[in-house]
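This report describes one protein model for a reader who has not seen it before. The sequence and structure come first, and the text then moves from a single residue pair to the whole chain and back to individual residues.

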Amino acid sequence: MEIKERFLKYVSINTQADEDSSSVPSSACQLDLARILAQECKEIGFDEVQLDESGIVYATLFSTDDTKDAIGFLAHMDTACELSGKDVKPRIIENYQGEVIQLNDHYSMSKEMYPALATCISEDLIVTDGTTLLGGDDKAGIAIIMSALEKVIKEKIPHGKIMVAFTCDEEVGRGTDTFDLDRFDVDYAYTIDGGEVECVDYENFNAAKAHIEIVGSSIHPGDAKDKMVNAGLLAVEFASRFPKEQIPSKTEGREGFYHLTNLQGDVELATLDYILREHDEDKFKAQKNFVTDLVDEFNKKYDGRFQLEIKDQYKNMYSYIKHDMRCVDKAKQAIEMAGIKPVSNPVRGGTDGAMLSEKGLLTPNLGTGSFNHHGRYEFASIQKMEKMVDIVINIIKY
């Protein structure tokens, strides 16, 4: 199957995650694709294929050359929650020449608005009809892995042990919650879940969530003098104390931020949710200390009405990978062999690889040739996906 056909098949299957669900996986529709992928892995010739109770597909190709490293490849089946992944209607634009792409009567995209388009001149693009996301994040990664491994098996390319895993619920932060590292026994691995094909990403944010709850005191406003404590007003006062320049819209590169993701409240009760992000470990600790100290200050001022919960989400994978750069060096060599100059940029987010690296499996992230993820302007380049197939095969061969 050509990668174009494979990709179009996968995006036709709704696998949207459900962030409000506590089930595993969060949406039953993810299992529809999991069953298809498990069957395809059997058909193309993997030696072992397992679909576990949490919806993860594991597939193993036994080594034909024990001098080579055991390598894993991962991609996630779920799509983002921001926009529907149901009834995706992709369209192919052949030989794109930089023109404005009209998705429908209401939505269009240009290379000036979305610079990634300018890197795809003369390539064939797959776009949406403007009513749904496309699903390139991460069905492009799945298609790349399946196409590469099909070629390895069919052409009998010598290889070490290879393992593949297709996971659920990456988009809601649960992609590795049930991942079986004992089953996925390799020297190192790669998530195929980025954008640009030249990228080897091994540096990401340290991440935490902060939840603040404020208890007020309600009384009839006519009798409120020296009695009412308005939790909503306290929430606004609290939020105003955060650094004005350290927000997502004013930061880039390795600059961290505080991001207020939710604020709700009335007189009796108010809540605020923040995500904290920093590449540097010391700056990350300082962020958490800032929030803790601010809550302490407000509790002294307002008689202990503030409660704080901070939860770490993931760590910068570089703190683990820097001790063994084999996986990064091999990926860069594979990209160079494909005629491309590799680059590594600090990722302003996280991947399943960050959690896996923390658990002991070093897992940098590679590109997919798909862009503008999580929205209607998502698109994928067929030629870039094909180039990623070559890069994956280079990693396996050399």
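Phe371 stands opposite Phe379, a residue of strand E17. The model is a predicted one. E17 covers residues 379-381 and pairs with E16 in the antiparallel sense over 2 bridges. Both strands belong to an open sheet of 4 strands, whose order is E4-E7-E17-E16 and whose pairing is antiparallel. The edges of this sheet are strand E4 (91-93) and strand E16 (370-371), each of which pairs on one side only. In general, the strands of a sheet pair through backbone hydrogen bonds, either parallel or antiparallel.

## The whole protein

In total, the protein has 9 helices and 17 strands. Its radius of gyration is 23 Å, close to the 21 Å that the globule rule gives for 398 residues, so the protein is as compact as a globular protein of that length. Taken along the principal axes, the C-alpha atoms fill a box of roughly 80 × 50 × 40 Å.

Of the 398 residues, 53% count as buried. The accessible surface comes to about 17900 Å², and carbon and sulfur atoms hold 47% of this surface. Among contacts with a separation of 6 or more, 78% are between residues 24 or more positions apart. The protein carries 44 positive and 70 negative charges, and the mean positions of the two sets are 2 Å apart.

## Strand E3 and its partners

Strand E3 spans residues 71-76 and is mostly covered, with 6 of its 6 residues buried. Ile71, Phe73 and Ala75 point one way from E3, while Gly72, Leu74 and His76 point the other way. Residues on both sides of the strand are buried.

Which strands pair with E3 in the parallel sense? One is strand E8 (residues 162-167), which runs parallel to E3 and is joined to it by 6 bridges. Within this pair, Leu74 stands opposite Ala165 of E8. Another is strand E9 (residues 188-192), where the parallel pairing with E3 rests on 4 bridges. Here Ile71 stands opposite Tyr188 of E9.

## Two buried residues and their contacts

Is Arg6, a residue of helix H1 (residues 3-11), buried or exposed? Arg6 has a relative accessible area of 2%, and because the cut-off for buried is under 20%, it counts as buried. Not counting residues up to four places away in sequence, Arg6 touches Met1, Glu40, Ala143, Met146, Ser147 and Glu150. Of these contacts, Glu40 lies in helix H2 (30-44), and Ala143, Met146, Ser147 and Glu150 lie in helix H3 (residues 136-154).

Thr132 is found in the loop between strand E7 (125-127) and H3. With 4% relative accessibility, Thr132 counts as buried. Leaving aside neighbours within four places in sequence, Thr132 is in contact with Leu83, Ser84, Lys86, Asp87, Val88, Gly375 and Arg376.

## Backbone features

Most residues other than glycine have a negative phi, and most peptide bonds are trans. The table lists four places in this model that depart from those patterns.

| Site | Backbone feature | Place |
|---|---|---|
| Val24 to Pro25 | cis peptide bond, omega near -10° | Pro25: loop between H1 and helix H2 (30-44) |
| Asp137 to Asp138 | cis peptide bond, omega near 15° | Asp138: helix H3 (residues 136-154) |
| Lys156 | positive phi of about 55° | loop between H3 and E8 |
| Asp169 | positive phi of about 60° | loop between E8 and E9 |

Neither Lys156 nor Asp169 is a glycine. Which of the words buried and exposed fits Lys156, and which fits Asp169? Lys156 has 70% relative accessibility and counts as exposed. Asp169 has a relative accessible area of 4% and is buried.

The loops that hold these two residues lie on either side of E8: the loop of Lys156 runs between H3 and E8, and the loop of Asp169 runs between E8 and E9. E8 and E9 are the strands described above as parallel partners of E3.

Note on methods. Residues are numbered from 1 along each chain as its sequence is written. This is a predicted model: local features need pLDDT of at least 70, side-chain atom pairs count only at pLDDT 80 or more; totals for chains, interfaces and linings use all residues. Side-chain values use heavy atoms; hydrogens and water are left out. The radius of gyration is taken over C-alpha atoms; the globule rule is 2.2 Å times the number of residues to the power 0.38. Buried means under 20% relative accessible area, exposed over 50%, partly exposed in between (1.4 Å probe, protein chains only). Contact means heavy atoms within 4.5 Å. Accessible areas come from the Shrake-Rupley method with a 1.4 Å probe; for residues, only the protein chains shown count as cover. Lys and Arg count as positive and Asp and Glu as negative; His and the chain ends are not counted. The place of a charge is taken as NZ of Lys, CZ of Arg, CG of Asp or CD of Glu. Two strands pair if DSSP finds at least two bridges between them.
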